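User: Hi! Could you walk me through this structure, one small question at a time?
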Amino acid sequence: MNVLEEVVPQAETCSLENYLVLPDHTMDDRIAAAREKLGASTVLLGHHYQRDEVIRFADFTGDSYKLSQAAAASEADYILFCGVHFMAESADVLGRPDTAERPGQRVILPDLNAGCSMADMAEIGQVEDCWETLLGAGLKESELLPLTYMNSTAAIKAFCGERGGLVCTSSNARTAFEWAFARAEKILFLPDQHLGRNTGWAMGIPMQEMVVYDPWQIGGGVSPERLRAAKVILWKGHCSVHQRFLPEHVDKVRAKYPEMQVIVHPECRWEVCRKADAMGSTERLIRLVADAPEGSSFAIGTEIHLVNRLAREFAPKGKKIITLDDTGCLCTTMYRISPQHLAWALENLVEGHVVNRIQVRDDVKHWARVALDRMLEIPA
Ligand code: 13P
Ligand code: SF4
């Protein structure tokens, strides 16, 4: 075994097509065997939305914040990220760089098509145009800080880092807002309007002081007067999975199960979060269920794989868990990481081939790291 080889052309690797024709369950032994051969050289990180067939092999599971901490702390040479593209990019930014003494960490995303529709809603060129629009409307750089949700490209993270801003996740959005407001009067928040609005509202910022900037409209579709008057400028982006949850779903649950607690992810609309009993990152949602007394029941507004897993895990403890909307809220991009992709990436690694390496450009890496480090320094 030689797991320290550099990237090799795809043609020399075990072909993915040979894996994709095989049934899921036949991958289990192969994944376990490859993991054993790779030993401590490889760490497998799994986001809570991953399928059971994949997440069961993870060394660490978590929300985006916890996984970025795990990536930053890991000593492994290879970080296999079972999550989506922006998470793997962040791991590459936070990972150990190449030095003369030792090669840096290599981050692998088992399927390169595992993106995030929300992250795709903000492109760096659009963000630069937005910044120019804001300055053109009379806002001053000294009064404005850009803050981006983890669910964004490394280039956008770097944009924020270079301008004194930072990254946040759903578990530390409020502390990130407080950090930013201690340094500036206004925030440009990218790319999730719902997380931004929910956070601003929870801090007591009135709705009329939060405006939505639409990158597809001239001037963001907001008058210069309104931009100047705003405290929070929200990018017009959203998560297509969480935006499916509606206030009517909460009403329906309340009518049918009056004793049930409704808990939701802050990527849900403000109208839904307002009606919920609590909101939080995936890690917090899990904790709320785990810490509740026996016999508690929850309707959860988040991705279906996590909800189903919680339902199964806590049924023996007498806890009833249902999804807030049973028409199925599946993150199709998280779902792209299949056992076949995982087995393919691991077996290639055993052969010394790094496939699907995620590598952020060095110039982008510097400022993205500044923005991510600022996030890791504030409390979650
Ligand atoms: P968490 O950080 O809460 O896990 O959320 C990540 C995400 O993409 C939710 O849609
Ligand atoms: Fe992106 Fe939404 Fe999927 Fe999270 S659930 S990874 S925000 S598309």
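User: How far does a polar side-chain atom of His-47 lie from an oxygen atom of ligand 1?
Analyst: Happy to help, and please keep in mind that this model is predicted. His-47 is one of the residues around ligand 1. A polar contact pairs N or O atoms within 3.5 Å. The polar side-chain atom of His-47 and the ligand 1 oxygen lie apart by 2.6 Å.

User: What percentage of the accessible area of ligand 1 does the protein cover?
Analyst: Let's begin with two other residues that reach an oxygen atom of the ligand. Asn-151 has a polar side-chain atom 3.1 Å from one, and for an N or O atom in the side chain of His-265 the distance is 2.8 Å. On its own, ligand 1 has 300 Å² of accessible area, and the share covered by the protein is 96%.

User: Which class, nonpolar or polar, has seven residues in the shell around ligand 2?
Analyst: Among the residues surrounding ligand 2 are Cys-116, Met-118, Val-241 and Met-334. Cys, Met and Val all count as nonpolar. The shell has one charged and three polar residues, and the class with seven is nonpolar.

User: Within what arc do the buried residues of α13 fall?
Analyst: Helix α13 covers residues 282–291, and its buried residues are Thr-282, Glu-283, Leu-285, Ile-286 and Val-289. Looking down the helix axis, you would find that these buried residues line one face of α13, because they fall within an arc of 160 degrees.

Definitions and conventions
Residues are numbered from 1 along each chain as its sequence is written. Chains are lettered from A and ligands numbered from 1 in the order in which they are written. This is a predicted model: local features need pLDDT of at least 70, side-chain atom pairs count only at pLDDT 80 or more; totals for chains, interfaces and linings use all residues. Side-chain values use heavy atoms; hydrogens and water are left out. A residue is near a molecule or strand if one of its heavy atoms lies within 4 Å of it. A polar contact is a pair of N or O atoms within 3.5 Å; within protein, one must be able to donate a hydrogen and the other to accept it, and residues adjacent in sequence count only if both atoms are side-chain atoms. Accessible areas come from the Shrake-Rupley method with a 1.4 Å probe; for residues, only the protein chains shown count as cover. Buried means under 20% relative accessible area, exposed over 50%, partly exposed in between (1.4 Å probe, protein chains only). Helices (H or I, at least four residues) and strands (E, at least two) are DSSP runs, numbered from the N terminus. The arc is that of the directions from the helix axis to the C-beta atoms.
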